[in-house]
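Please open the structure in your viewer and keep the selection panel at hand. The tour below goes from one selection to the next and says what to look for at each stop.

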Amino acid sequence: MRNLYVFIIFLMFIIRKDNVILGAVSALSFWSKNLFPILFPTFILVDLILSTTLPKYVSKVFGRFFKVLFKSPPISAFVFFLSLLCGTPTNAKLLKSMCDEGSIKSQDINKILSFCFFFNPFLIISFAGIKVLLIIWISNILVGIISRNNYKTENNDGILTQIPFSLSRSVGINLDIILNILGSVTVFMCVSYVIPFISPTINVISSSFLELSTAMYKNKLYFNSDYLYIFMFSIGGISIFSQIKSIMKDTSIDYKYLIKTRLLSLIIGLFICFIT
């Protein structure tokens with residue numbers, strides 16, 4: 001994956017060198033100031049939490065409700081609440097660890113990600129405000145209810161065993177993940193800078209499909225539109241999907257299904273924004 005990123009950047013460098021340099025510098029700055037300080041310690045904290053009884057306790061208290069409402073394993077309750085606080089791709093890291101330990105199956109990951117596709121709440125509030133944050137939360141929950149019969153859990157209690165914590169192992173694995181995220185962010189931020197400027201609207205929408213952070217800054221600069229924020233937070237962008245894929249390697253994820261649920265979330269979110 002890293003070799004592919006390097007190759008793409010090299011091609012873009014030949015086409016529009018100055019834009020690629022600007023995009024790469026912006027990506028490194030964003031990664032070092034925002035992503036690394038937040039995601040890396042969070043990933044390690046997730047590994048530490050998985051070595052405690054907290055996931056089992058939360059699943060026991062709220063798991064039955066989630067199993068009835070979403071037809072998902074009880075452990076999805078813990079993933080849901082952690083996702084509200086940490087967002088994606090932190091929850092992807094959590095689900096991968098659970099899958100590796102045999103606590104959940106790939107079909108459970110498809111189910112849970114469909115209604116836990118969140119982003120850092122403080123990031124959303126700082127750009128878009130509390131209204132957009134609540135709409136994103138509500139639209140994801142409604143997606144989970146509407147699609148509850150897809151990949152539904154059958155006689156699976158999703159029992160999570162405590163995973164022994166090793167700091168050195170956690171640092172090594174998560175450092176590899178965070179570097180892959182840097183590669184993903186750099187490539188798609190460079191692409192967003194390379195695309196010729198046609199109009200502010202097209203520029204924001206194209207950036208939304210590519211890399212979320214760039215799209216947020218551009219929307220804040222040009223429009224500060226709730227509809228555009230909902231659009232970009234609902235679809236996630238290729239960069240986020242690339243990050244999920246790098247984390248979920250060797251795991252059978254139905255990305256077509258995940259994209260369909262993102263489109264459903266988008267429709268619901270825009271409708272709620274319109275009527276409110």
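What follows is a walk through helices, helix pairs, salt bridges and single residues of a predicted model.

**First stop: helix H6**

Begin by selecting residues 106–115, which make up helix H6, and show the surroundings as well, since this helix is mostly covered, with eight of its ten residues buried. The buried residues are Asp-108, Ile-109, Asn-110, Lys-111, Ile-112, Leu-113, Ser-114 and Phe-115. To see what these residues pack against, add helix H3 (54–69), helix H4 (76–86) and helix H5 (90–100), and then helix H8 (130–146), helix H13 (238–247) and helix H14 (255–275).

**Second stop: helix H13**

Keep H13 on display and hide the other neighbours for a moment. How many of the ten residues of H13 are buried? Eight of them are, so H13 is largely enclosed by the rest of the structure. The residues to colour as buried are Ser-239, Ile-240, Phe-241 and Ser-242, followed by Gln-243, Ile-244, Ser-246 and Ile-247.

**Third stop: H8 against H14**

Two packed helices are described by the angle between their axes and the distance between the axes. Select H8 and H14, whose axes come within 8 Å and cross at roughly 130°; the two helices are therefore oblique to each other. The crossing of H8 and H14 is right-handed. On the H8 side, the contact is made by Lys-131, Ile-135, Ile-138, Ser-139, Asn-140, Leu-142, Val-143 and Ile-146, while H14 contributes Thr-261, Arg-262, Leu-264, Ser-265, Ile-268, Gly-269, Ile-272 and Cys-273. If you colour this contact by residue class, you should find nine nonpolar, five polar and two charged residues.

**Fourth stop: Tyr-257**

Stay with helix H14 and select Tyr-257, which has its place there. Is this residue buried or exposed? Tyr-257 has a relative accessibility of 9% and therefore counts as buried, the cut-off for that class being under 20%. Leaving aside residues up to four places away in sequence, Tyr-257 touches Asn-110, Ser-114, Ser-147, Asn-150 and Tyr-151. Among these partners, Asn-110 and Ser-114 will be familiar from the buried residues of H6. For a measure of scale, draw a C-alpha to C-alpha line from Tyr-257 to Leu-28, two residues that are 229 apart in sequence and 32 Å apart in space.

**Fifth stop: the salt bridges**

Side chains of opposite charge can pair when their charged atoms come close. A search of the whole structure finds three salt bridges, and each can be selected in turn.

Show the side chains of Asp-47 and Lys-93, which meet in a salt bridge with an N to O distance of 2.5 Å. Asp-47 lies in helix H2 (residues 17–49) and Lys-93 in helix H5, so this pair ties together parts that are 46 residues apart in sequence. Both Asp-47 and Lys-93 are buried.

Next, move along helix H5 to Lys-96 and Asp-100, which are four residues apart and therefore separated by about one helical turn. Lys-96 forms a salt bridge with Asp-100, and the closest N and O atoms are 2.9 Å apart. Lys-96 counts as buried at 13% relative accessibility, whereas Asp-100, at 51%, counts as exposed.

For the remaining pair, select Asp-176 and Lys-249, whose side chains meet in a salt bridge at 3.8 Å, N to O. This pair links distant parts of the chain, with Asp-176 in helix H9 (residues 167–194) and Lys-249 in the loop between H13 and H14, 73 residues apart. Asp-176 is partly exposed, with a relative accessible area of 30%, and Lys-249 also counts as partly exposed, at 46% relative accessibility.

**Sixth stop: H9 against H11**

With H9 still selected, add helix H11 (residues 212–222); the axes of the two come within 9 Å and cross at roughly 40°. H9 and H11 are therefore oblique to each other. Met-189, Ser-192 and Tyr-193 of H9 make the contact with Ser-213, Thr-214 and Lys-218 of H11. By class, this contact has two nonpolar, three polar and one charged residues.

**Last stop: Lys-56**

Finally, select Lys-56, which is found in helix H3 and counts as partly exposed at 46% relative accessibility. A line from its C-alpha atom to that of Ala-77, 21 residues apart along the chain, spans 9.9 Å.

Key:
Residues numbered from 1 in each chain as written. Predicted model: local features only at pLDDT ≥ 70, side-chain atom pairs only at ≥ 80, totals over all residues. Heavy atoms only, no water. Buried < 20%, exposed > 50% of the residue type's maximum accessible area, 1.4 Å probe, protein only. Contact = heavy atoms within 4.5 Å. Axes fitted to C-alpha atoms, helices over the stretch in contact; angles between N-to-C directions. Parallel < 35°, antiparallel > 145°, perpendicular 65-115°, else oblique. Left-handed = near helix turned anticlockwise from the far one by under 90°. Nonpolar A, V, L, I, M, F, W, Y, C, P; charged D, E, K, R; others polar. Salt bridge = Lys/Arg side-chain N within 4 Å of Asp/Glu carboxyl O.
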